[in-house]
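Visitor: I would like a close look at how two neighbouring helices pack against each other, and then at what lies beyond them in the chain. Please take me through it with care.

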Amino acid sequence: MPKFAFGIFPEGMEKEDLIEKRIEAFCGMGEYLERAESDPGWRNVVEKACAANGFFTPENIGRAVTQWAAMLKEENLRAWLSPYMDRLQEVKKPGKIALVMAGNIPLVGFHDYLCVLMCGYSAQVKLSSKDAFLLPFLDRKAGIPAQTEFTQGNISGFDAVIATGSGNTFRYFDYYFGKYPHLLRKNRTSCAVLDGKESRRELERLADDMFSYFGLGCRNVSKLYLPEGYDVAALADVLAPYTRKLALNNSYKNNYDYYKSIYLVNRRPHLDTGAALLTESGQLASPMAVAYYEYYRDAESLRAVLEACREEIQCIVGRGGLPFGTAQSPGLSDWADGEDVLDFLLSV
């Protein structure tokens, strides 16, 4: 199957033309993603990705692909790049950007990759062993006008770095990459604020915010803030049909069985949907197959609670936040950790 872009740009091409070609290339990638399931090569890569990661399923990979196919439309890319266009044209000597990617959900590092290549930089990508197949395949298909190197080993010779990892790896990142221009991220999670007036449809959409991608994304809701007197049992009944299909995945079910046994042995109060556990906790980030909830007295007291853990929250769903069901559908300008990646790259 031929590449849907154009390979290497000729020397001397005007910068405006270079940017146009990058937009054209990523539009082509979006068109390919719309029909990727019909490509035997892509289906083979999906099989490899699922075999390497028990939490990658064809359904979840398909969801990520559908989302990116929708975002890589010409009108979306132009609207996204418009505020940066003058600065993009001022880039004189693009360097090499190291990307240290996570592997919690399929193609989770694609946005960083898009930003780097759209700026004209070359990319040195350190892939997670949990997601080592999907992006290299798409990069080879695209022929984007930049050199991209993929590795699971050490990285070196870069001018700046964007790294995403856990709280533990963040300390390593800070030590190792602190001397370079850097944008470093650590674990965050998301929460939802309910006021008791939600419709059943809104609560069903909340289930998607909580359990899509098995709840592994930083935009997945792991904590519910409920008004005093809220009927949690009724909420569990609404969530139950959505959660039960998750238990068909052995890796997920192992987590569910583990925490269920722990809660039963320790006699910890909880509600069981049949495949997920809801339990009251002041903590923010819950383990897989568990959702925490906490009651609030009024809007003012809740505001203080949320402000205290602001640096740990990726997004807030519900009243005053994102609409239910949209947590895992970010736009191109919904920056992880609120850090504008294009601004960072254009300031290097």
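Guide: In this predicted model, the place to begin is a set of side-by-side residues: W42, V46, A49 and C50 in α2 meet P58, I61 and V65 in α3. The residues of this contact of α2 with α3 divide into seven nonpolar, no polar and no charged. Two packed helices are described by the angle between their axes and the distance between the axes. Here the axes of α2, which covers residues 40-52, and α3, which covers residues 58-71, come within 10 Å and cross at roughly 120 degrees; the two helices are therefore oblique to each other, and α2 passes α3 in a right-handed crossing.

Further along the chain there is an open sheet of five strands, whose order is β3-β2-β1-β4-β5 and whose pairing is parallel. Its edges are β3 (148-151) and β5 (182-185), each of which pairs on one side only, and the twist from one strand to the next averages 10 degrees. Within this sheet, strand β2 (residues 122-126) pairs with β3 in the parallel sense over four bridges, and Q124 stands opposite E149 in β3. Helix α6 (residues 110-118) packs on the sheet, where it touches β1 (96-100), β2, β3, β4 (160-164) and β5, and the direction of α6 makes about 180 degrees with that of β1.

Another open sheet is built from six strands in the order β8-β9-β10-β7-β6-β11, and its pairing is mixed. The edge strands of this sheet are β8 (271-272) and β11 (313-318), each pairing on one side only. Strand β7 (residues 221-227) and strand β10 (residues 290-296) run parallel and are joined by five bridges, with P227 standing opposite Y296 in β10. Helix α9 (residues 200-211) packs on this sheet and touches β6 (189-193), β7, β10 and β11, its direction making about 140 degrees with that of β7. Helix α11 (residues 250-265) also packs on the sheet, touching β8, β9 (277-280) and β10, and the direction of α11 makes about 40 degrees with that of β9.

To return to the part you asked about, the contact of α2 with α3 holds seven nonpolar residues and no charged ones, among them W42 in α2 and P58 in α3.

Terms used. Residues are numbered from 1 along each chain as its sequence is written. This is a predicted model: local features need pLDDT of at least 70, side-chain atom pairs count only at pLDDT 80 or more; totals for chains, interfaces and linings use all residues. Side-chain values use heavy atoms; hydrogens and water are left out. Axes are lines fitted to C-alpha atoms, for helices over the stretch in contact, and angles run from 0 to 180 degrees between N-to-C directions. Angles under 35 degrees count as roughly parallel, over 145 as roughly antiparallel, 65 to 115 as roughly perpendicular and the rest as oblique. A crossing is left-handed if the near helix is turned anticlockwise from the far one by less than a right angle, and right-handed if clockwise. Contact means heavy atoms within 4.5 Å. Ala, Val, Leu, Ile, Met, Phe, Trp, Tyr, Cys and Pro count as nonpolar, Asp, Glu, Lys and Arg as charged, and the others, Gly among them, as polar. Two strands pair if DSSP finds at least two bridges between them.
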